[in-house]
Structures are given as structure tokens and as C-alpha cells.
Amino acid sequence: MNLKMPGHVGSAAELERFFAPDGPMVTRFGGRARWSQTEMALTFNKAIHERKSILMEAPTGTGKTLAYLIPIALYLRSTPRQRFVIAVASKHLQAQIERDMGRFATEFPELKESAVLKGANNYLCLNRLKRAALGFRHRDEAGLRQLLDRFELLEKLAHGWREELPIKISDAAWSQINGEGNCCKSSHGCYRRQARKLAEQARIVVVNTDLLGYNLKFTDKPIPGECEQPKPILVLDEAHTLLSRMTEVESADISFRALEGALGMLGRDTFDRPHLRTRLDLASQRLQRIRRGVVEGPEGQQIVKPEDPCGVACRELVAAIREVKAMAAFLRKEAPSEEMAQDYREVESRLGFSENTLRSYLEKQLPNYVMLLTRTPSMHGQTAINLELKPFDMHNVLAGLWSRFQQTTLISATLIGTSIPETKKTFNAPDWHTANFPSPFDYRKQMRVFLPPRDREISDPPAISAEIERIAKSTDGRVMALFTNYKQLQETQLLLADWCRREGYQLLAQERNTSPEALVEKYNRNPRSIILGNHAMGTGVDIRLRALIITKIPFDQQTPYREARQDYLKSQKLNPFRDDTLPETIRRWKQWWGRLIREENQKGILVMLDPKLLTASYSSYFIRSLPAGIKATHLDDPVHPLPTREQFAEWANERKPSTQETALVME
Ligand code: SF4
């Protein structure tokens with residue numbers, strides 16, 4: 001599997017010097033010399049010099065960010081006109097790259113010629129905030145009033161990002177003052193335009209994967225500025241998320257709430273125009289009628305076919321959207337101010353997108369897409385309805401993406417699914433090179449792995465909660481249990497609540513609306529905790545654990561979309577389980593168990609409870625994807641039982657917590 005590219009090109013000697021044990025990385029920047037990091041930097045360096053696109057699997061702890069940033073800086077030194085795009089999936093990594101570029105710019109000034117570009121909804125729009133001051137809309141938002149009091153400060157933010165605001169405001173308030181939507185004519189003090197301008201001139205542009213996709217979709221350019229000669233080079237980090245992110249980018253959402261919101265806004269502005277008011281009322285009644293036509297039916301997701309009754313209702317919806325859009329256009333032309341005109345422009349643009357998407361699907365011009373109708377009960381007793389057009393097949397989209405760059409590197413700690421040929425096929429990268437690097441962690445010393453017991457099944461909440469208690473006693477907390485089923489997570493939470501209270505553990509369970517960041521923050525304040533998390537906690541979360549419990553193999557739940565996609569794959573002569581579900585789940589599985597060991601001085605217990613690991617024909621794929629050479633024992637193995645608290649503390653070289661310490665935490 002390890003297909004590293006041999007040979008030395010370009011600035012290889014300089015790279016070796018920089019990353020050597022006595023090189024600047026260690027002596028000037030206080031880093032550690034890591035063999036796998038040097039190897040990765042050399043491989044990446046060779047790939048960009050020889051224009052060979054490459055898939056790289058670099059485990060946690062490799063130091064992958066610097067392994068591509070330093071070769072990029074050296075490349076730019078010798079090739080001034082080249083531009084690089086670094087696309088990542090998380091804001092966390094975007095911030096880390098920005099920090100690293102600032103830190104290493106003393107040694108590599110080329111890193112200063114960089115810009116971080118985010119989606120428009122990440123930038124404060126001072127114009128919209130001023131409109132809030134006029135009481136045009138949303139004057140009831142207390143957070144906005146507090147912001148307005150500090151307007152002068154807001155004009156001097158470094159980037160205009162939400163995290164730079166002097167106070168925290170709600171998502172609803174932020175959605176009213178961020179830069180998402182159509183542009184106004186004013187360019188003075190616009191953070192969004194300022195960021196774009198910087199990105200146009202930068203030679204390294206750091207974006208998130210979604211923005212890269214949207215840029216290509218709506219502007220036909222991956223980043224602002226000159227992108228033709230020479231074509232930019234792409235580094236796509238956290239590439240395991242690429243397919244899901246690009247599927248989202250290619251999807252189109254049409255929610256009734258958004259349509260009703262648009263009608264509401266137009267209604268406010270037409271109260272003194274009787275003829276428009278009548279038209280608007282008729283449009284509103286029409287929308288209600290269509291809504292009634294599709295609202296009846298089971299909750300959850302279903303597929304809308306053009307010839308179904310829902311499809312017929314959607315045809316009428318296209319006409320209704322067109323009518324509302326025409327009214328918004330009329331009001332825009334007569335708008336008394338540029339601000340109001342801007343609001344109408346936004347409404348027109350959103351409605352136009354919904355209209356075009358729906359029409360294309362109903363006219364069967366999008367054969368690789370499916371229309372999904374989702375009914376969800378809302379808090380106010382009404383059913384929320386959402387229509388979404390989602391693609392099945394990303395091959396053409398990926399081919400289009402690769403063609404915009406002269407060389408591409410995909411990087412992730414969990415890139416390879418079942419095999420290298422499968423991975424190449426998944427990412428539409430048939431003739432790319434591949435490389436993987438050994439982990440800097442000594443998993444055989446740092447991790448103990450327990451498989452499900454052979455004498456009993458641990459699959460229901462009572463059995464799972466009993467096992468969590470047993471493990472938490474052994475490690476004195478710092479446990480995370482990952483679930484695939486939200487109901488099971490909640491039931492386990494109920495069963496554990498009393499015990500945790502008695503024993504003084506903080507029980508943190510992921511609610512539907514809790515962000516992983518919020519849980520991590522609480523955990524870091526009191527790590528004597530047990531976290532019950534779902535998929536969001538299994539990927540991209542960095543916390544120091546002592547035990548990780550995987551309650552089930554993280555297969556995606558079956559949904560109408562997945563079923564339709566499986567039918568599509570069969571029609572393409574593919575095996576949906578072998579060619580799609582299994583590799584995708586293995587990537588996720590590797591992400592999940594990868595949460596346990598995050599540092600070289602850390603030790604932890606990995607416990608897998610899913611009985612399918614003992615019986616299913618595919619279980620060997622999951623066992624094989626654990627760290628090489630690791631020994632796993634069954635939970636019921638009398639020779640290698642779960643360690644006691646004392647044994648764990650001794651093995652992990654951790655001081656046994658004194659009763660006084662424990663009591664303090666319990667308070
Ligand atoms: S272009 Fe205008 S509306 Fe858009 S973010 Fe900038 S100031 Fe706001």
C-alpha cells in the first residue's frame with residue numbers, strides 16, 4: 001500500500017535541512033523532528049514539481065500542515081507566478097494554517113503572500129447592521145443593539161469574521177448582518193469585498209472546500225483573480241469530507257419557510273399599495289394551497305418523482321415562485337432606497353435559483369439527481385417542508401474540479417477505504433499517485449483494544465450503559481462513547497444519569513442542536529466526564545480521552561436518498577455495498593477510532609461493542625483498518641481483562657487521583 005515516490009527534486013535538500021533534528025524546525029521554532037513529516041514534505045515537493053497529482057494518507061500527528069506549507073513556500077521562491085489553493089473542511093484547520101503561515105513567515109516570507117477567504121456568511125456586513133439601526137428589520141434583536149453601540153470598533157476588525165465580534169450574538173441575529181446575499185454598490189468598509197481583493201492578489205489562498213465548490217459552480221473560477229496561466233495548484237486537506245461536501249454544494253434546497261419568509265417581507269412593504277397587496281394575497285393563498293397538497297403524508301424523507309402528485313404540486317410551485325419573484329422585481333424598481341432595493345434583489349436571486357432548480361428537475365433534465373421531500377414536525381405544531389435536489393454521482397463534478405488545477409494533492413488521515421484502486425475510483429483519480437506515511441504514534445504501546453465479548457451481546461442501552469460504567473471506573477472518566485442511533489444515545493443518557501451524579505462524573509450528551517465545540521468546551525473545563533456523542537463527535541474533534549467506546553459500526557442509516565443512490569449504482573453495474581457503503585464506512589470508522597490517541601505521550605483504551613464485528617463477513621475490513629500490529633482481546637477474555645483503576649493509572653503512567661482531588665472535582 002505504501003507507494004511513496006522516490007527521488008529528490010526542486011528544494012528537497014533544503015526541506016531535509018529544515019526538518020532535520022538539528023534544522024531550523026527544531027532549533028528555531030521549537031518543533032520536533034518527525035521522520036514521517038520529512039517524508040511527506042519530500043513526497044509532496046516532488047509531486048508539485050513533477051505535476052503529478054497524488055492521494056496522500058497522513059495519520060494524525062504527522063505534522064501534515066507544515067509538510068505542505070514549507071514546500072509551497074520554497075516552490076513560490078523559484079516560481080513567482082504560481083498560485084496555490086489550500087482547501088480545508090473545518091474553520092479550525094483554516095485558523096491553524098493561518099497561524100502557521102504567520103509563524104513561519106520569518107523564515108519563509110512567501111507565506112506572507114497569502115489570504116484566508118471564507119464564505120460570505122462569515123463576514124460582518126456593516127451596511128446591514130446600519131439598516132438594523134434604522135429599524136428597517138429585526139430591531140428587536142438585543143445583540144444587534146449592543147453591536148450598534150460599538151460600531152466604531154466594528155469598523156476596525158482584522159477580517160470582519162463573526163469570531164472577532166466583541167460580543168457573542170445568536171445565529172438568528174448573525175444571519176441578519178452577515179455578508180450573504182447579493183452585493184450592494186457600496187464598497188467602502190465592506191469586509192467581504194476586502195477579503196476578495198486580498199485573495200485576488202494572494203499567491204496562497206486558503207478556502208474551505210464548500211467555498212471552492214460554490215466558486216466553481218457560480219463564478220466558474222476556483223478562487224478570485226487570475227487562474228488561467230499558469231493554472232493554480234490545489235492542496236485539498238481533510239479530503240475524506242470531499243464527497244459529502246461537494247454533494248452538498250451540488251444540492252439545491254427549496255424550503256417553504258424561506259418562500260413564506262419572502263412573502264412576509266414583501267407583505268410588510270406593500271401594505272399601502274392595494275393592487276400589489278391583492279396580488280400578494282393571491283400568491284400567498286396559492287402557496288398555502290400547494291403546501292396543504294404536500295404537507296399531508298408521513299414524516300421523514302420521500303422521493304418526489306415528476307409524475308407523482310407531489311411532482312404535480314411542484315409544477316404549480318414553479319409558477320407561484322415566478323409570480324412572487326416578479327413582484328419582488330417590481331418593488332425593487334420602485335424602492336425608495338438602495339438598501340431596500342438590495343433586499344429585493346436578494347429575494348429575487350433566491351427565488352430565481354429555486355425556480356430554475358425545480359423546473360430543470362421536473363422537465364427531467366437532471367437524470368443523476370433526485371428530488372427529496374422532507375416533512376419535519378416543527379416546535380409550533382406545524383410541519384416544516386423542505387424540498388432538496390441532490391446528486392447521486394460526483395464523478396463529473398470531480399473531473400471538472402481537477403481540470404481547473406495543474407496538479408492536485410488530496411490529504412487526509414483517513415483517505416483510503418477498502419483499497420487503493422477503490423480509493424482512486426471514489427475520487428475519480430484513476431492515474432494519480434498514492435502515498436501513505438507511518439503514524440508517529442506507537443499504537444502497540446499507546447492503545448489497548450477490546451473487541452466485543454463472545455459470551456454476551458452488548459447492543460441495547462442497558463447493556464451499553466453498564467459497559468460504559470465499567471470502563472469509566474477503570475479510567476476515572478475521560479470516556480467518550482459514540483453512537484449511530486440518536487434514540488439509543490438518549491436512552492443510554494437516561495440510564496447513566498443517576499450513576500454519574502452519584503459518582504461525580506459530568507455526563508455530556510449530544511443533543512440534536514448541540515455543536516461539538518460546545519461539548520468539547522464543557523469537557524475541557526471538567527474532563528472527569530463521560531461524553532455520549534454521535535457522528536459529529538466522531539470526526540474532527542480533538543480532546544484528550546482515556547477511553548473511546550464505539551457502540552456500533554458507523555454505517556449510515558438507510559434513507560430514501562441512499563436507497564435511490566444504491567439503485568443508481570446498480571444501474572451503473574456497481575455493487576452498492578462493496579463499492580460505496582463499505583469504503584465510505586471504513587473511512588468514517590478510521591476517523592472514529594482516531595479520536596482516541598492524539599499525542600505521543602498519551603495512552604488509551606479502545607472498546608468496540610458491535611456484535612457484528614464477530615459475525616459479519618465484512619468485519620475483517622474493520623479489524624484490518626486498526627493500527628498495524630495492534631493486539632486486540634475480547635472483553636470477556638479472563639487472561640486480559642479490562643484494567644482496574646490502579647492498573648490503568650500505572651500503565652498510563654498517570655498519578656492515581658487522590659481522594660481529595662476527586663472530592664474537589666465532585667464539588
Ligand atoms: S457588498 Fe454591500 S451588502 Fe454585500 S457584504 Fe459588502 S457592504 Fe454588505
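Angles of 65 to 115 degrees between helix axes count as roughly perpendicular, and angles over 145 as roughly antiparallel. The exercises below apply this to a predicted model.

**Exercise 1.** Determine how H12 and H17 are oriented to each other, and which residues make the contact.

Solution.
- Step 1. Helix H17 covers residues 395–403, and its axis lies 11 Å from that of H12 at an angle of about 100°.
- Step 2. This angle falls in the range of 65 to 115 degrees, so H12 and H17 are roughly perpendicular to each other.
- Step 3. On the H12 side, the contact is made by Leu 242, Leu 243, Met 246 and Glu 250. H17 contributes Val 397, Leu 398, Leu 401 and Trp 402.
- Step 4. Sorted by class, the contact of H12 with H17 has seven nonpolar residues, no polar ones and one charged.

**Exercise 2.** Classify the packing of H13 against H14 by direction and handedness, then list the residues that meet.

Solution.
- Step 1. Helix H13 spans residues 256–268 and helix H14 spans 274–295; their axes come within 11 Å and cross at roughly 165°.
- Step 2. The crossing angle is over 145 degrees, and H13 and H14 are therefore roughly antiparallel to each other.
- Step 3. The crossing of H13 and H14 is left-handed.
- Step 4. From H13, the residues in contact are Phe 256, Leu 259, Glu 260, Leu 263, Leu 266 and Gly 267. They meet Arg 277, Leu 280, Ala 283, Ser 284, Leu 287, Gln 288, Ile 290, Arg 291 and Val 294 of H14.
- Step 5. By class, the contact of H13 with H14 holds nine nonpolar, three polar and three charged residues.

**Exercise 3.** For Glu 238, state where the residue is found and whether it is buried or exposed.

Solution.
- Step 1. Phi of Glu 238 is near 55°, a positive value in a residue other than glycine.
- Step 2. Glu 238 is in the loop that runs between strand E5 (233–236) and helix H12 (242–250).
- Step 3. The relative accessible area of Glu 238 is 16%, which is under the 20% cut-off, so Glu 238 is buried.

**Exercise 4.** Repeat the analysis for Arg 478, giving its place and its accessibility class.

Solution.
- Step 1. Arg 478, also a residue other than glycine, has a positive phi near 55°.
- Step 2. Its place is the loop between helix H20 (461–475) and strand E13 (479–482).
- Step 3. With a relative accessible area of 23%, Arg 478 is partly exposed.

**Exercise 5.** List the assigned domains and give the separation of the centres of domain 2 and domain 3.

Solution.
- Step 1. The domain assignment gives domain 1 (12–119 + 201–247 + 394–436), domain 2 (124–178), domain 3 (252–388) and domain 4 (443–666).
- Step 2. Taken over C-alpha atoms, the centres of domain 2 and domain 3 are separated by 28 Å.

Technical notes
Residues numbered from 1 in each chain as written. Predicted model: local features only at pLDDT ≥ 70, side-chain atom pairs only at ≥ 80, totals over all residues. Heavy atoms only, no water. Axes fitted to C-alpha atoms, helices over the stretch in contact; angles between N-to-C directions. Helix = DSSP H or I, 4+ residues; strand = E, 2+ residues; numbered from the N terminus. Parallel < 35°, antiparallel > 145°, perpendicular 65-115°, else oblique. Left-handed = near helix turned anticlockwise from the far one by under 90°. Contact = heavy atoms within 4.5 Å. Nonpolar A, V, L, I, M, F, W, Y, C, P; charged D, E, K, R; others polar. Domains from an automatic or database assignment. Buried < 20%, exposed > 50% of the residue type's maximum accessible area, 1.4 Å probe, protein only.
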